[in-house]
Amino acid sequence: MSGAWIGLIDSLRLGGNVTEAVRLGETYADWLQSGLERSILSGTTPRESERMAKRLDRPMVVLLRLCLEQRGNPGLESRVFRLGETLRAASSTAAQITRHLTSNRDDPELEKLRAHLMRARQELTAWTQQDPSNSDGSELASLMRRREEAERALRLSILDEIDPTSLPDARPERVAAALSEDEIGVATWRLTGYSAFQSGGVYEPRQPRLLAWVLRPPTTLQLVDLGLSRPIEELALQWRARDVLGARGVKRRTTPKTPDDVAALGESLRRSLLDPLGIDSARTKRLNWVPSGSVANVPLESLPVGSGYFGDAVRVLTQSSLAEVARTQPSSSGPIRFLAVGGIDYGGGSKSDLGAASRESRSPTSMTFAPLPASATEVERAIALFESAFESEEAPRLLVGAAASRDAFAREAADATFIHLATHGYFQDSEASRLPNPPSSSAVLDVRALVPRSLCGLAFAGANLAKSRSQRSGVLTAEEIMGLDLTGCDLIVLSACETGLGLEEGGQGLASLQAAVHAAGARTAITSVWPVPDEVTRELMSEFYRQLWIEKRSKADALWIAKQKIRKARENDKPRYGVQDWAGWILSGESGR
């Protein structure tokens, strides 16, 4: 059916019948929007949402290209914007609906279904953490089916209770109404290349481009063509290249690396990515940012502007979809509880340098997680600040040493308002996740594509100990975190390396730890997009909590002020730290201003 729509739209467009092409594009977008909303309300699982996003990839390309070629059609642009942002929010919406209708209910059958789903996720994760070199993929396929069957059973159990108003409202006027006068929204889309039929039967190859929807209140919607995506993504990768970055657990370099070429790369990246958006820093004080592709790993606040940085004037809040801006989540009521985890005993010895292991290991089973001495002090300082700010609240809960297990964390996090995790994070961006013996010779079974959330995780007590498929490891993956209930969590800080990294899933954003904690219900998260030094992280986090709890700053302001303190620190009349030491932290979700 979609193929017929696409063929007709292209035929009209290339035949010069622009008016009819736009009219048909509007009707097509409405038809897709209706089908997408019906799917969300009819009990779609997160996995079905991901497959739906892949099916809509081609239609989105056609509609975005039509918007790009025929600008100034508000009806078409409004519909395509709404469709894209609803699509981006589909998986999180499905998870939110299920969590809302199944949490905190005294229903033995529901509890049984939830437990069954968590076991299925754990078994799937355990499999992905093993060496797949001798597998033909059949066991993985079976485990994936079990997980999806468990997801579907839980979803179907509450199907009759789903409220149509729980759908995300991504109409531009609705999103704009949720923005303040000094706030804008920007959602980027990577327009993948495709061959458009040309006159004479010649097909013209198209190179991927990076587009951006810019939404300003009251209802100004603009589509900006940022140009070919490859040069921008290459700039992004060069700017955050690992050879200028440190890692949590690695001693800070005596001379921070802030060479002129890194500053020049930052300038070039800002000119390519931000300047075309026309952001007036005198009027705009907050940017809701929905990134795609490699630009998702760029902390915009840290791009140079003159003698300072973009964040000096504008606070950046990362979102999975601009539909999230218009979604209101009820604040948690009751006691304010703080859970702090640090000084973890990973067991089994350590290495003095985690850097290469954390980035290049083939799986969590081959990693060795080094001790993080500064993390113990980090959580102790956070606890002291919490006790000073919330004297009448419950005593903070602290998990340290061997007591900081993944099971203890999952149990204690269930009713925490604030969560601080000071540990190692990892993201397996390597060929290790590829299975060498696919089920058929015509396809390569790739764990990266099939179970992307199993490729990033956090280390807990015992993470270095010997593992087998019958043993639970000290690693908690994003796949498992999605199964936790963090509905009462106002803020979770993943004070670890690369917790904002993940694989892009078509129109669904990154399959990262950041996305996982939001899917589990956390309203705001702080994560990192590159390895972070242990000592500097301790200082930055202490200042962040002081600004948040003692000075009563918003989360966005508190984080930027903490970054500024690190940035301005001096030693022997020279900067003590480089950009790589403070820039990699990203705030996502609600700002709490």
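1. Helices and strands here are DSSP runs, at least four residues long for a helix and at least two for a strand, and they are numbered from the N terminus. In those terms Lys 552 belongs to the loop between H18 and H19. The model is a predicted one. Lys 552 is not a glycine, yet its phi is positive, at about 60 degrees. Its relative accessibility is 56%, so Lys 552 counts as exposed.

2. Overall content. The protein chain contains 20 helices and 22 strands. Of its 593 residues, 58% are buried. Taking contacts between residues at least 6 apart in sequence, 78% join residues at least 24 apart. The chain exposes about 23700 Å², and 49% of that comes from carbon and sulfur atoms.

3. The largest nonpolar core. This core has 65 residues, and the members that touch the most others are Leu 277, Leu 287, Leu 300 and Phe 544. Helix H18, residues 534-550, is the element that gives the most to the core, with seven residues. Apart from this core lies another, of 55 residues, which includes Ala 29, Leu 83, Ile 162 and Ala 176. As background, nonpolar side chains in soluble globular proteins tend to be buried together.

4. Surroundings of Leu 277. With neighbours within four places in sequence left aside, Leu 277 has contacts with Val 186, Ala 212, Val 214, Arg 216, Val 224, Leu 226 and Trp 289. Arg 216 is a charged residue in this list. Strand S4 covers residues 209-216 and strand S5 covers 220-228.

5. The turn between S4 and S5. Pro 218 sits in the loop between these two strands. The peptide bond that joins Pro 217 and Pro 218 is cis, with omega about 10 degrees.

6. Gln 547 in H18. Which element holds Gln 547? Gln 547 is placed in helix H18. Its relative accessible area is 4%; being buried means under 20%, so Gln 547 is buried. Leaving out residues within four places in sequence, Gln 547 is in contact with Lys 552, Arg 553, Ala 558 and Ile 561. Lys 552, one of these contacts, is the exposed loop residue of point 1.

7. Cavities. How many cavities of 30 Å³ or more does the structure hold? There are two of them. The largest encloses about 100 Å³ of space. Its lining consists of 13 residues, and those nearest its centre are Glu 301, Val 316, Trp 585, Ile 586 and Leu 587. Three elements give two or more residues to this lining: strand S9 (315-318), helix H19 (555-568) and strand S22 (585-589). By class the lining has ten nonpolar residues, one polar and two charged.

8. The second largest cavity. This one holds about 30 Å³ of space. Its lining is made up of Phe 409, Leu 421, Leu 458, Ile 481, Leu 484, Leu 486, Ile 492, Leu 494 and Val 517. The nine lining residues are nonpolar, with no polar and no charged residue among them.

9. Gln 319. This residue is in the loop between S9 and helix H11, which spans 323-326. Is Gln 319 buried or exposed? Its relative accessibility is 9%, so Gln 319 counts as buried. Although Gln 319 and Ser 588 are 269 residues apart along the chain, their C-alpha atoms are separated by 5.8 Å. Not counting residues up to four places away in sequence, Gln 319 touches Asn 288, Trp 289, Val 290, Pro 291, Glu 324, Val 325 and Gly 589. Trp 289 is also one of the contacts of Leu 277.

10. Asn 572. The loop between strand S20 (570-571) and strand S21 (574-575) holds Asn 572. Phi of Asn 572 is near 55 degrees, a positive value in a residue other than glycine. Asn 572 has a relative accessible area of 73% and is therefore exposed.

11. Leu 66. Helix H4, residues 57-69, contains Leu 66. At 1% relative accessibility, Leu 66 counts as buried. Setting aside neighbours within four places in sequence, its contacts are Ile 9, Arg 13, Ala 21, Val 22, Gly 25 and Leu 76. One of these, Gly 25, is 41 residues from Leu 66 in sequence, and the C-alpha atoms of the two are 7.8 Å apart.

Key
Residues numbered from 1 in each chain as written. Predicted model: local features only at pLDDT ≥ 70, side-chain atom pairs only at ≥ 80, totals over all residues. Heavy atoms only, no water. Buried < 20%, exposed > 50% of the residue type's maximum accessible area, 1.4 Å probe, protein only. Contact = heavy atoms within 4.5 Å. Areas by Shrake-Rupley, 256 points an atom, 1.4 Å probe, with all protein chains shown as cover. Core = buried A, V, L, I, M, F, W, Y, C linked by side-chain atoms within 4.5 Å. 1 Å grid on protein atoms, 1.4 Å probe; cavity = no way out; pocket = protein on both sides within 12 Å on 5 of 7 lines; lining within 4 Å. Points joined across faces, edges and corners; volume = space filled by probe spheres on them.
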